[in-house]
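Biologist: Before we begin, I should like to see the chain and its fold. Would you please display them?

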Amino acid sequence: MSEGSKISVDLRQMVTAIETAVDLVGINDTNHGKRVGYIALQIANNLGFSEEEKQTVYELGLLHDCGVSSDLIRVSLSNQFDWEESDKHCQIGHDLLKDFLPLAHLAIPIRYHHTQWESLQALDLQPLEKRLANLIFLADRIDISAAPFYGREVLLHTDFIKEIIENRAGSHFNPDLVKGFLSASETEAFWISLEDRHISRFAWDMGNRGYEKKLGMGDLLHLARIFSFIVDQKSAFTAEHSYGVARLSRFMAQKMGLPAHDVDKLEVAGYLHDIGKLYVPDNILHKAGPLTALERAIINQHSYETYEILRSIKGLEDIAKWAAYHHDNCEGTGYPFHPSVKELSLQARIVAVSDVFQALVQNRPYRKGMDIDQVIGVLYEMSSSGQLDKKIVEMVVGNAAQCFKIAKGEE
């Protein structure tokens, strides 16, 4: 991190952004984490949790599935009440958060949020950790059980959903937590609030209610790195792509003489530029042959999804554009925003060059990674056609060996 680089970003808004990104994966349901947070919070309210515990419960709900990146995992978790491989994403989520101090207290509950209550009793955990883990398991399974009925039918099936949960009290779930759920869910409002249009407003309110924990640049870089891992584990062919783009963007910014705070912010933009790819189905990302028109149209939406995820985070407004414009250019031949020359800042152009350079050196389903001479040839071709900034490309070519090492993760 550069000296003198200052930024202040709200942790809750970042947590909400992670949930929004993760819920793009696998199925047409973009509010699962928000609903789990809401359900868990209502149970916590009913059982008299402290205010601090309730805030922890809500953030646990938002982040409980941060280890999910593949369509198969999401669909399996949604279609099976007891999926035998559910523990894998719990371990990934734990490992992502355990060393990030502002969220490290969530790591253990996330690690065990699919562990049945009977099994939790034998583990050497703090009582509160067991309670929180099981509360999120309970809220998660309530939402999965209710999901087929969201729309106009949910109030017709509340007794059925309650029966599913009540029958597992003492085995899957802490009986006291089940009682809290049964009490909290007596009102129609509990269930109506789970509808998409209502839960989105609830999450917006929770993200702007003044429960603030501010992140400085060091924490923001760490959290952005966590974001990038979630994205890059979606495909073996793009593993470490975001990391490479972030490091290249940082190097290029330094070589272009940008101020220290922009150098750090460009590294963040590199980490975050592809979070919208969580929206893209795995079979498209892994496809070895040419894409169909529909598949290309889906791919072309990912940078807009990146912008939508980031744009509401106060303090990241410029980073959101730098990240989201990485497939746009001054010639108007890119996608999806077609910004004017004035709007397409030097920082955005740096991310675009970094993205192309790093992608070219990687193995992809449709080709092998290129050597340095091949990469330089493609960069010159793209700069000649206006797809990439000529000055940045010239700087990169002048530092090609170092850029190649960074892109390969060998610096």
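The following exchange takes up helices, their packing and a few single residues in turn.

Modeller: This is a predicted model, in which local features need pLDDT of at least 70 and side-chain atom pairs count only at pLDDT 80 or more, while totals for chains, interfaces and linings use all residues. Residues are numbered from 1 along each chain as its sequence is written, and side-chain values use heavy atoms, with hydrogens and water left out.

Biologist: Around how many degrees of the axis of H18 do its buried residues extend?

Modeller: Helices are DSSP runs (H or I, at least four residues), numbered from the N terminus. In helix H18, residues 302-310, the residues His 302, Ser 303, Glu 305, Thr 306, Ile 309 and Leu 310 are buried, where buried means under 20% relative accessible area, exposed over 50% and partly exposed in between (1.4 Å probe, protein chains only). The arc is taken from the directions that run from the helix axis to the C-beta atoms. These residues lie on the same side of H18, because the arc that they cover is only 155 degrees.

Biologist: Why can residues that are not adjacent in a helix point the same way?

Modeller: The reason lies in the turn of the helix. An α-helix has 3.6 residues a turn, so the residues that point the same way are those three or four places apart.

Biologist: Which helices are included in what covers the buried residues of H18?

Modeller: The cover is judged by contact, which means heavy atoms within 4.5 Å. It includes helix H1 (11-22), helix H15 (260-272), helix H17 (293-299) and helix H19 (317-324).

Biologist: How are H21 and H22 oriented to each other?

Modeller: Axes are lines fitted to C-alpha atoms, for helices over the stretch in contact, and angles run from 0 to 180 degrees between N-to-C directions. Helix H21 (residues 372-384) packs against helix H22 (residues 390-398) at about 165 degrees, and their axes are 9 Å apart. Angles under 35 degrees count as roughly parallel, over 145 as roughly antiparallel, 65 to 115 as roughly perpendicular and the rest as oblique. The angle therefore makes H21 and H22 roughly antiparallel.

Biologist: How do the residues of the contact of H21 with H22 divide?

Modeller: H21 contributes Ile 376, Leu 379, Tyr 380, Ser 383 and Ser 384, and H22 contributes Lys 390, Val 393, Glu 394, Val 396 and Val 397. Ala, Val, Leu, Ile, Met, Phe, Trp, Tyr, Cys and Pro count as nonpolar, Asp, Glu, Lys and Arg as charged, and the others, Gly among them, as polar. The contact thus divides into 6 nonpolar, 2 polar and 2 charged.

Biologist: Are H8 and H9 oblique or roughly antiparallel to each other?

Modeller: Helix H8 (residues 127-146) and helix H9 (residues 158-166) have axes 10 Å apart and pack at an angle of about 140 degrees. In their contact, Leu 138, Arg 141, Ile 142, Ser 145 and Ala 146 of H8 meet Ile 161, Ile 164 and Ile 165 of H9. These residues divide into 6 nonpolar, 1 polar and 1 charged. Given the angle, H8 and H9 are therefore oblique.

Biologist: Is Lys 34 buried or exposed?

Modeller: Lys 34 belongs to helix H2 (residues 32-46). Leaving aside neighbours within four places in sequence, Lys 34 is in contact with Glu 19, Thr 20, Asp 23, Leu 62, Ile 199 and Ala 203. Because its relative accessible area is 9%, Lys 34 is buried.

Biologist: Which peptide bond is cis, with omega near 0 degrees?

Modeller: Most peptide bonds are trans. The bond in question leads to Pro 336, whose place is in the loop between H19 and helix H20 (346-361). The cis bond runs from Tyr 335 to Pro 336.

Biologist: What is the value of phi of His 338?

Modeller: His 338 is found in the loop between H19 and H20, and at 45% relative accessibility this residue counts as partly exposed. Most residues other than glycine have a negative phi. In His 338, phi is positive, near 50 degrees.

Biologist: How far apart in space are Gly 289 and Pro 365?

Modeller: Gly 289 lies in the loop between helix H16 (282-285) and H17, and at 32% relative accessibility it counts as partly exposed. Gly 289 and Pro 365 are 76 residues apart in sequence. From C-alpha to C-alpha, their separation in space is 7.9 Å.

Methods
Helix = DSSP H or I, 4+ residues; strand = E, 2+ residues; numbered from the N terminus.
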